Amino acid sequence: MKCKIAALIVATFLMTGCGSEANVGVIDVEKVMTDAPQIKAIMDEGAKKMADVQTEAAAEFENNPDWTEEEIAKAQADMQRKIMGIDQAYATQFKYKLNEVLAGIAQEKNLDVVIDSSEERPLILKGGIDVTDEVIKKLQ
């Protein structure tokens, strides 16, 4: 984490040049995930598909009580592979949608960098231009 913060600080200085001030934006990604309807829809759809895979796997296990340990392990691996694929696909959709909106806002506000300020993993503790509500508004 310290390396990530140091890299962001160095990148900010390199982007803005020595002596000039960087325009830093901050976003609470966790809030966007819960408050932005488009993002929430993506996350909910992904969660539903993962639950469907788990339900399907449970039914398959129930319908095949005579499976060997090898068959059970294969079915579990297949289920995990499907869930990971769904998770990756929806995470990619989320990231693409968020980055698309952030790029526009960053350009409008002339921001050099936008940093995640979520409560769980704050990268900036003070200052910066909070664009969270703007992102949520654009993702209605």
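Mentor: Let's start with a term: buried means under 20% relative accessible area, exposed over 50%, and partly exposed in between, with a 1.4 Å probe and protein chains only. This is a predicted model, where local features need pLDDT of at least 70, side-chain atom pairs count only at pLDDT 80 or more, and totals for chains, interfaces and linings use all residues. Residues are numbered from 1 along each chain as its sequence is written, and side-chain values use heavy atoms, without hydrogens and water.

Trainee: Thanks! In which order do the elements of the protein chain run?

Mentor: The chain has five helices and three strands, which are DSSP runs numbered from the N terminus (helices H or I, at least four residues; strands E, at least two). Read from the N terminus on, the order is α-β-α-α-α-β-β-α.

Trainee: Which class does Ala 58 fall into: buried, partly exposed or exposed?

Mentor: Ala 58 lies in helix H3. Its relative accessibility is 43%, so Ala 58 counts as partly exposed.

Trainee: How far apart are the end C-alpha atoms of H3?

Mentor: The expected span is 1.5 Å times one less than the number of residues. For the 27 residues of H3 that gives 39 Å, and the model agrees, with its end C-alpha atoms separated by 38 Å.

Trainee: What covers the buried residues of H3?

Mentor: The buried residues in H3 are Ile 39, Ile 42, Gly 46, Val 53 and Ala 57. Their cover includes H2 and H4.

Trainee: Which helix supplies the largest share of the largest nonpolar core?

Mentor: A nonpolar core is a set of buried Ala, Val, Leu, Ile, Met, Phe, Trp, Tyr and Cys residues joined through side-chain atoms within 4.5 Å. The largest one has 21 residues, and Ile 27, Val 32, Leu 98, Val 131, Val 135 and Leu 139 have the most contacts inside it. H2 (29-35), H3 (37-63), H4 (69-109) and H5 (132-138) each supply at least two of its residues. The largest share, nine residues, comes from H4.

Trainee: Which residues does Leu 139 touch, beyond those up to four places away in sequence?

Mentor: Contact means heavy atoms within 4.5 Å. With that cut-off, the residues touched by Leu 139 are Val 32, Ala 36, Pro 37, Gln 38, Ile 39, Lys 97 and Val 101.

Trainee: What geometry does the pair of Phe 61 and Trp 67 have?

Mentor: Rings of Phe, Tyr and Trp (its six-membered ring) pair if their centres lie within 6.5 Å; planes under 30 degrees apart are stacked, over 60 edge-to-face, the rest tilted. The count comes to one aromatic pair. Phe 61 and Trp 67 are 5.7 Å apart centre to centre, with 85° between the planes, and the pair is edge-to-face.
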